[in-house]
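Thanks for coming. I have one structure to go through today, so please bring it up on your screens and follow along.

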Amino acid sequence: MARFSYLRMKYLFFSWLAVFVGSWVVYVQYSSYTELCRGHKCKDTICDKYRKGVIDGSACSSLCDKNTLYLGKCLSAKPNNQVYTSIWGDLDGVIKCQMEEILHYDLGAEMEPRKEVVLFDKPTRGTSMEKFKEMVLSHLKVKVGEQANLQDLALLILSVADSNKDGHISLPEAKSAWALLQLNEFLLMVILQDKEHTPKLLGFCGDLYVTEKVQYTYLYGITVPWLVELWIPSGVRRSMDQWFTPSWPRKAKISIGLLEFVEDIFHGTFGNFLMCDMSAGTFGYNDKHDLKMVDMRKVVPEAAFKEAMRDRHCEDDKDCVYGADCQTSCDLTKRRCTPEAIRPNLAKACQALKDYLLRGAPLEIREELEKQLYSCLALKGSAEQMEIEHSLILNNLKTLLWNKISHTKDS
């Protein structure tokens, strides 16, 4: 009888424990979701501003009046940057919306967004078209540096701002364009709008914008529940990531796409850009295995990066890091970061591709592929300082991969 009571108590205890742990997991998951996924609040804020005549854009009517632009699945990784799948008529897209904390970006000493007291406060009523163009030019000069064709970039921005293509930019359209212009990703999308590896910009309303949907949003790897993630050793996790990848010829094609994107942003039409986050979730690909950028928020203009780093105080090199992958060195005599990035984009791209390409590589090219990847990884300093070597390594790597897959159906 005593044994029966003991077993019953033990059973009740573990049942209670299971219910408690299960409830805690559900609560944490729900809290995380509600904190991360606030897209409807973002939509309400944007539509309120639109209906009051503060902002306007090509997506406003569909989002707020006609309800033909829908928020779908939440993809947000951070509360202040809302990301959702979307359906806009017969188009599949992705909606990106900034929450209040980051509605204005300012590349100051920390290269981080700074909250402004008033939302969509620029340009002010009475601002002439010529004055707005001067505002755009001054902002672009800070962002991308002094360029011979800065006027062309300003005209490109103004053409996007004219959302209804009537040849006139209204004050609400100008307020939307100015808010969007603070965002690295939006600026880069406009600059690279004709490039293959940049998702197309479909429309905007305020600083909410809609882009083309990328079908596969991770370069490699598999998503597992966070509770399971806690128990997986990092070495095992890296191996798991490489198990869930396309066939090698398809990986080679995706990799060629990343190398082409590195070319697109090096000595581009409107200056150089630095890739400061090379994690797998930054890149994706479509059903033809063409690489598409998924997140370009940490692709920053080199001119703005240098200016920000030059003003940053440091005690050692660890203080001179932006994002995950952009670092300069610390000048200990001045206690200031030096402006030049230590590693060029190409070296960081090769780091991201090394395990991805070597796993399953055909034996006849594996040795040469490994040799070229390690030559690429050894690149140091800015790409401008070693332009010939940079171009040679990039072209050799692309040629090696392309020659191997050019006669396959995957090419």
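Are C276 and C326 buried or exposed? Both are buried. Before I say more about that pair, please note that this is a predicted model, and everything I say about it is computed from that model.

The pair is joined by a disulfide, with 2.0 Å from S to S. The torsion about the S-S bond is -90°, and the link of C276 and C326 is left-handed. As for where the two cysteines sit, C276 is in the loop between β6 (273-275) and β7 (283-285), while C326 belongs to strand β11, residues 326-327. They are 50 residues apart, and the pair links distant parts of the chain.

Some background on the chain, then. The protein chain has 411 residues, of which 47% count as buried. It has 14 helices and 13 strands. If you take the contacts with a separation of 6 or more, 63% of them are between residues 24 or more positions apart.

Back to the disulfides. How many does a search of the whole structure find? It finds 8. For anyone who wants the reminder, a disulfide is a covalent bond between the sulfur atoms of two cysteines. I will show two more of them.

One joins C37 to C74, with an S to S distance of 2.0 Å. This is another pair that links distant parts of the chain: C37 lies in the loop between α1 (2-36) and α2 (39-51), and C74 lies in strand β1, residues 69-74, with their positions 37 residues apart. The S-S torsion of C37 and C74 is about -85°, so this disulfide is left-handed. Both cysteines, C37 and C74, are buried.

The other joins C47 to C64, at 2.1 Å from S to S. Here C47 is in helix α2 and C64 is in helix α3, residues 60-65, so the disulfide ties together parts that are 17 residues apart in sequence. The torsion about the S-S bond of C47 and C64 is about -85°, so this one is left-handed. C47 and C64 are buried.

Next, a pair of helices. Two packed helices are described by the angle between their axes and the distance between the axes. The ones to find are α10, residues 248-265, and α14, residues 387-405. Their axes come within 10 Å and cross at roughly 155°. Anything over 145 degrees counts as roughly antiparallel, and α10 and α14 are therefore roughly antiparallel to each other. The crossing of α10 past α14 is left-handed.

Which residues meet there? From α10 they include W248, P249, I256, L259 and E263. From α14 they include H390, L394, L401, W402 and I405. The residues of this contact divide into 11 nonpolar, 3 polar and 5 charged.

Now helix α11, residues 302-310. Its buried residues are E302, A304, F305, K306, A308 and M309. What covers them? The cover includes helix α4 (129-144) and the strands β6, β9 (299-301), β10 (321-322), β11 and β13 (336-337). You have met β11 already, as the strand that holds C326.

I will finish with three single residues. The first topic is H197, which is found in the loop between α7 (184-191) and β4 (201-205). H197 has a relative accessible area of 3%, so it is buried. Leaving aside residues up to four places away in sequence, H197 touches G257, E260, F261, D264, L291, K292 and M293. One of these, E260, also appears in the contact of α10 with α14.

Then there is T211, in strand β5, residues 208-212. T211 is buried, with a relative accessible area of 3%. With residues up to four places away in sequence again left out, T211 touches G93, V94, M189, K200 and L202.

Last, E146. Is E146 buried or exposed? Its relative accessibility is 63%, so E146 counts as exposed. You will find E146 in the loop between α4 and α5 (150-161). The C-alpha atoms of E146 and F270 are separated by 9.5 Å, although the two residues are 124 apart along the chain.

That is what I had. Questions are welcome.

Methods: Residues are numbered from 1 along each chain as its sequence is written. This is a predicted model: local features need pLDDT of at least 70, side-chain atom pairs count only at pLDDT 80 or more; totals for chains, interfaces and linings use all residues. Side-chain values use heavy atoms; hydrogens and water are left out. A disulfide is a pair of cysteine sulfur atoms within 2.5 Å. Helices (H or I, at least four residues) and strands (E, at least two) are DSSP runs, numbered from the N terminus. Buried means under 20% relative accessible area, exposed over 50%, partly exposed in between (1.4 Å probe, protein chains only). Axes are lines fitted to C-alpha atoms, for helices over the stretch in contact, and angles run from 0 to 180 degrees between N-to-C directions. Angles under 35 degrees count as roughly parallel, over 145 as roughly antiparallel, 65 to 115 as roughly perpendicular and the rest as oblique. A crossing is left-handed if the near helix is turned anticlockwise from the far one by less than a right angle, and right-handed if clockwise. Contact means heavy atoms within 4.5 Å. Ala, Val, Leu, Ile, Met, Phe, Trp, Tyr, Cys and Pro count as nonpolar, Asp, Glu, Lys and Arg as charged, and the others, Gly among them, as polar.
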